[in-house]
Amino acid sequence: MAKRIDVTDLNVYYGAFKAVEGVTMTIEPRSVTAFIGPSGCGKSTFLRTLNRMHEVIAGGRVEGKVMLDDQDLYAPRMDPVAVRRTVGMVFQRPNPFPTMSIYDNVAAGLRLNGVKNKKTLDGIVESSLQGANLWAEVKDRLNKPGAGLSGGQQQRLCIARAIAVQPQVLLMDEPCSALDPISTLAIEDLVGELKNEFTIVIVTHNMQQAARVSDRTAFFNLRATGEPGRLVEIADTTKIFNNPSEQATEDYISGRFG
Amino acid sequence: MTGVPVVDEKPEPKGNAPLGGDNASTARLGDRLFGGAATASGVIVIAMVTLIATFLIVQAVPALLDNQENFLTSRAWNPGGDQPGFGILEFLWTTVVAGAIAMLIAVPFGVAVALFLTQYAPVWMRGPAAALVDLLAAVPSIVYGLWGLITFAPFFRPIQGWIESTFGWFPLLAQTGITGGTILFIAVVLSIMVVPIVTALSREIFAQTPLAHKEGALALGATHWEMIRTTVLPFGRPGVISASMLALGRALGETIAVTFLVSSLPNGAAWTWSLFNGGETFASKIANNAAEFSNPSRTGAYIAAALVLFVLTFVVNSIARIVIERRKAFSE
Ligand SMILES: Nc1ncnc2c1ncn2[C@@H]1O[C@H](COP(=O)(O)OP(=O)(O)OP(=O)(O)O)[C@@H](O)[C@H]1O
Ligand SMILES: [Mg+2]
């Protein structure tokens, strides 16, 4: 049930400030697309336009087109709530709901969708936690607070929470940046498994990670500070890392940036 | 917290042996002064509460021993004299019922206003509106008393009439012939008085809900209201409980406005469950009769009544504490 994303000529603003300019790209279904680029070039900003989370920020505004298969996400009659149920998101800092148990965290999205049946919930909570490789660690304490888990476990809980509602696309904004190498590896493995079902977009500052997990890589850059960020190129990951078309990409990857 | 060492990362002068952490901090004057001051204030507060309680008990016990009536279940109030007989049932009923109704109105309404101010109102409006609410919370209660008497009472009278004629068959709403300071009227004025307290404190905590939690809910496909329900309300729960307790404390103990408005009942008036009955609260009864504190036996009776109010607020606060503590693991 994965979907393709087609972005055409997208500009993203914070009030009067244009943060991202002229992005056109295609994100393939059932694959992992990595976004790389220097800090402040608009990776998070752009990512958040893909599930309409950008407009949650006061003054946040978008020009251009984002198509999810044949649906225009920014069509006037499109409901952002429906978009976010289809395009899930995992944040940089794990953010489980602190007032909820582990179980309730995973069930939260389902309950929002009106699922009440205990059996159904139990089943999906278990399969989501298993999908997030967390089940074995928490199955005996499902009623304990989610905030009591370790950082890496919390992040996997957030992934379980996101996949429990069966989205078509999963957006991950530096999901491993607050985690140790072991948890990072666990999540990378997980991404590799999840791509069989979902379209995955992952922002990362870690080149090795991009190289390890992604099928395609998009490189974003800033021409200068204060200028909007833009997409430099997007191609198969092996091509970006071995034989990029643009000099800027080559410089960034080989560490000759700036 | 006293004497907890906070060791600064200060480079040691060359050649000196590094100081032990404990040594370094206990020697620090500021730490010791502050620690000492904090301990002293804590001890003073506890000592004062104990002293006040002791004072009240010592004064009340002789009067209670002489009492010819059951203190808790009697509605008579004839303190002092050779055959003193007094009970607090009327005040307890009026105080608790008026306080409870005031909370039933004020908490939902106050929380709704706080939610509106933090989650729905346009950004330019939030600051000024919040300042206004804070200002309202600081209005002296005599102002509410005056307003209640002069403006609100004439407005409330036809409403009461309508309720009595429509729902009078229901014992709690039966007609009594009393129109001024009925229990329900007092409760409504109290609720108006404490709404700003509930709103001011709830607003403060709702506004602190971490953006990460709210975005987490939105990213799951929560609507605005669902986001509030899954993150803002649970996050603010302890604060709302505290705010409600503070408001209830104020409502139960409110003296001047209630003294102003209350319709006192003649001694020996028939019992009715109706909320349209009159009746003194603890605070108004004591305030209305302050002039009578002529001998220890009379005074003792009033002090015993005050003690019950003291215990009442204490119990209410303890329950709130327990409710908050029980969910502590789930609220960071
Ligand atoms: N809430 C905001 N309001 C205004 N400007 C913002 C906001 N968030 C980000 N920006 C600006 O938008 C630009 C892009 O920021 P963004 O967070 O998307 O960068 P990023 O590529 O994700 O960086 P990093 O790698 O450090 O996470 C920056 O210039 C930033 O200052
Ligand atoms: Mg970012």
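**Entry: α4(A) against α6(A)**

I looked up how helix α4 of chain A, residues 118-131, packs on helix α6 of chain A, residues 151-164, in this predicted model. Their axes come within 8 Å. I noted a crossing angle of roughly 130°. That angle makes α4(A) oblique to α6(A), because only angles of 65 to 115 degrees count as roughly perpendicular and those over 145 as roughly antiparallel. The crossing is right-handed.

Next I listed who touches whom. From α4(A) I have I124(A), S128(A), L129(A) and G131(A). From α6(A) I have L157(A), A160(A), I163(A) and A164(A). By class, these residues divide into 6 nonpolar and 2 polar, with no charged residue in the contact of α4(A) with α6(A).

**Entry: α3(A) against α4(A)**

I then turned to helix α3 of chain A, residues 102-112. Its axis and that of α4(A) come within 9 Å. They cross at roughly 115°. I recorded this crossing, too, as right-handed.

On the α3(A) side I found Y103(A), V106(A), A107(A), L110(A) and R111(A). On the α4(A) side I found K118(A), L121(A), D122(A), I124(A), V125(A), S128(A) and L129(A). I counted 8 nonpolar, 1 polar and 3 charged residues in the contact of α3(A) with α4(A). I marked I124(A), S128(A) and L129(A) as residues of α4(A) that serve the contact with α6(A) and also the contact with α3(A).

**Entry: cavities**

How many cavities of 30 Å³ or more does the structure hold? I found 3.

The largest has a volume of about 70 Å³. I noted 13 lining residues. Nearest its centre lie M89(A), C158(A), R161(A), A162(A) and L220(B), so I have residues of both chains A and B in that list. Which elements supply at least two residues of the lining each? I wrote down β6 (87-90) and α6 of chain A, together with α7 (211-219) of chain B. The lining divides into 8 nonpolar, 3 polar and 2 charged residues.

The second largest cavity has a volume of about 50 Å³. I listed its lining as R75(B), E90(B), W93(B), T94(B), I183(B), L265(B), W271(B), N277(B), G278(B) and G279(B). Helix α3 of chain B, residues 89-120, gives the largest share, 3 residues. I sorted this lining into 4 nonpolar, 4 polar and 2 charged residues.

Key: Residues numbered from 1 in each chain as written. Chains lettered and ligands numbered in written order. Predicted model: local features only at pLDDT ≥ 70, side-chain atom pairs only at ≥ 80, totals over all residues. Heavy atoms only, no water. Axes fitted to C-alpha atoms, helices over the stretch in contact; angles between N-to-C directions. Helix = DSSP H or I, 4+ residues; strand = E, 2+ residues; numbered from the N terminus. Parallel < 35°, antiparallel > 145°, perpendicular 65-115°, else oblique. Left-handed = near helix turned anticlockwise from the far one by under 90°. Contact = heavy atoms within 4.5 Å. Nonpolar A, V, L, I, M, F, W, Y, C, P; charged D, E, K, R; others polar. 1 Å grid on protein atoms, 1.4 Å probe; cavity = no way out; pocket = protein on both sides within 12 Å on 5 of 7 lines; lining within 4 Å. Points joined across faces, edges and corners; volume = space filled by probe spheres on them.
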